[in-house]
Amino acid sequence: MAKLNSKIIKYLNREVDFRKDVLLQDDGDGVVYIKEWNVAEAQPTDEQLDALEAEATTLENNYQVINTRKKLYGSTAEQLEYIVENGVDSFIAKQNQIKTDNPKE
Amino acid sequence: MANVEIDGVNSKVYTDQVDPKTGTTLTLGTSGDTVSIPSGVTIANSGTATGFGIAEVDNWRISATQSISADTGTVVNSSWERNDTNSDKIGTGLTESSGVFTFPSTGIYLISYQQNIARSGDSRYFTGSIMLSTNSGVAYSIVARSYTNITQVASSQTSSGLCTSCTIDVTDASTFRLRFETDGDEAYDLRAESTYQITGFYCIKLGDT
């Protein structure tokens with residue numbers, strides 16, 4: 001099941017600052033709810049958020065893919081070292097292969 | 001026996017020792033009186049003094065790992081336990097229910113909270129906050145907060161920690177509530193141990209309100 005923050009991002013269809021725009025709260029019982037809604041758009045109902053389940057799941061899955069790609073790309077220093085040792089063409093081919101192996105939904 | 005006023009003119013009694021006439025208890029004044037010790041006077045204690053010093057000390061920790069969702073202010077509430085490893089409270093101690101602590105009495109308290117976390121992946125911030133309610137838990141406000149972050153340095157979980165502390169003037173022990181909250185840009189685990197403190201706090205009553 002997709003997380004509430006993912007559903008809200010899909011509902012607003014933009015980046016959300018969860019320290020100012022929308023504050024989510026878990027009182028320690030594992031139930032996450034909207035504590036404060038500080039943006040101009042109307043606060044969504046539970047039904048509206050539930051309708052975004054599939055889109056929010058895709059968002060989360062793609063986020064995992066991005067994280068996996070980042071790890072495989074390596075640090076900036078590692079990438080520069082690779083270019084120096086193997087050339088730009090090899091570097092681009094390597095990066096593209098990582099994208100191919102880890103496609104977004 | 002009727003009260004006897006001694007030297008009411010000069011308000012002084014000159015003697016080298018005062019002992020109880022009966023029993024072993026000597027009482028100075030009655031409720032509401034103030035016994036003042038003038039500047040320059042030294043009290044040297046070679047016996048046992050009780051009722052002075054620290055009246056309340058307590059130390060709590062969580063003993064089970066708590067999973068925290070991204071972008072969600074979360075009450076730390078994962079098997080709180082009083083530190084019982086070579087430690088004990090002084091005084092009455094705090095009481096806990098669902099991550100909410102109640103103070104034993106009014107007074108000024110020092111609260112020191114530490115939190116350790118672990119995550120696989122980066123996150124630009126994590127917070128740990130001391131939260132206070134003055135209306136029996138209806139609403140809480142932040143009284144202290146600290147930040148940390150994680151840049152993953154290996155393929156497994158990377159750890160980070162933070163500490164924050166403050167003093168709280170508890171003017172009404174029946175309505176003041178204390179709890180701890182954590183928040184992060186990404187999901188993470190709040191680390192816990194049952195034999196030592198890795199996430200927990202200590203509390204000392206410094207004096208009266």
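Q: How many residues of chain B are in contact with residues of chain A?
A: The model is predicted. On the side of chain A, twelve residues take part in the contact. On the side of chain B, the number is 18.

Q: What area is buried between chain B and chain A?
A: The size of an interface is often given as the accessible area lost when the parts come together. Here carbon and sulfur atoms give 39% of that area. The area itself is about 1300 Å².

Q: Which residues of chain B lose the most area to chain A?
A: Three residues head the list, and together they make up 30% of what the side of chain B buries. They are B:D71, B:T72 and B:G73.

Q: How many residue pairs are in polar contact across the interface of chain B and chain A?
A: Salt bridges do not figure here: the rule finds zero of them across this interface. Polar contacts do, counted with both residues at pLDDT 80 or more. The number of such pairs is seven.

Q: Which strand gives the most to the side of chain B that touches chain A?
A: β3 (72–75), β8 (123–133) and β11 (177–184) of chain B each supply at least two residues. One of them gives four residues, the most. That strand is β3(B).

Q: How many charged residues does the side of chain B that touches chain A have?
A: By class, this side has four nonpolar residues. Its polar residues number seven. The charged residues also come to seven.

Q: What is the bridge partner of A:D26 in β3(B)?
A: Strand β1 of chain A, residues 22–26, runs parallel to β3(B). Three bridges join the two strands. For A:D26, the partner is B:T74.

Q: Is A:I34 buried or exposed?
A: A:I34 sits in strand β2 of chain A, residues 32–37. Beyond its neighbours within four places in sequence, A:I34 has contacts that include A:L4, A:I8, A:V22 and A:L49. Its relative accessibility is 17%, and the cut-off is under 20%. Therefore A:I34 counts as buried.

Q: What distance separates the C-alpha atoms of A:I34 and A:K70?
A: Along the chain, A:I34 and A:K70 are 36 residues apart. In space, their C-alpha atoms are separated by 31 Å.

Q: How many salt bridges does a search of the whole structure find?
A: Side chains of opposite charge can pair when their charged atoms come close. In chain A, A:K7, A:D50 and A:E53 are linked in a network of such bridges. Over all chains, the search finds eight.

Q: Which residue forms a salt bridge with B:D58?
A: The closest N and O atoms of the pair are 2.7 Å apart. B:D58 lies in strand β1 of chain B and its partner in strand β4, so the pair ties together parts 24 residues apart in sequence. B:D58 is buried at 1% relative accessible area, whereas the partner counts as partly exposed at 23%. The partner is B:R82.

Q: Which residue in the loop between β4 and β5 of chain B pairs with B:R61?
A: B:R61 is buried, at 2% relative accessibility. B:R61 meets B:E81 of strand β4 in a salt bridge at 2.7 Å, N to O. A salt bridge at 3.0 Å joins B:R61 to a loop residue, which is exposed at 55% relative accessible area. That loop residue is B:D84.

Definitions and conventions. Residues numbered from 1 in each chain as written. Chains lettered and ligands numbered in written order. Predicted model: local features only at pLDDT ≥ 70, side-chain atom pairs only at ≥ 80, totals over all residues. Heavy atoms only, no water. Contact = heavy atoms within 4.5 Å. Buried area = accessible area lost by both parts, 1.4 Å probe. Salt bridge = Lys/Arg side-chain N within 4 Å of Asp/Glu carboxyl O. Polar contact = N/O pair within 3.5 Å; in protein donor to acceptor, adjacent residues only side chain to side chain. Nonpolar A, V, L, I, M, F, W, Y, C, P; charged D, E, K, R; others polar. Pairing = 2+ DSSP bridges. Buried < 20%, exposed > 50% of the residue type's maximum accessible area, 1.4 Å probe, protein only.
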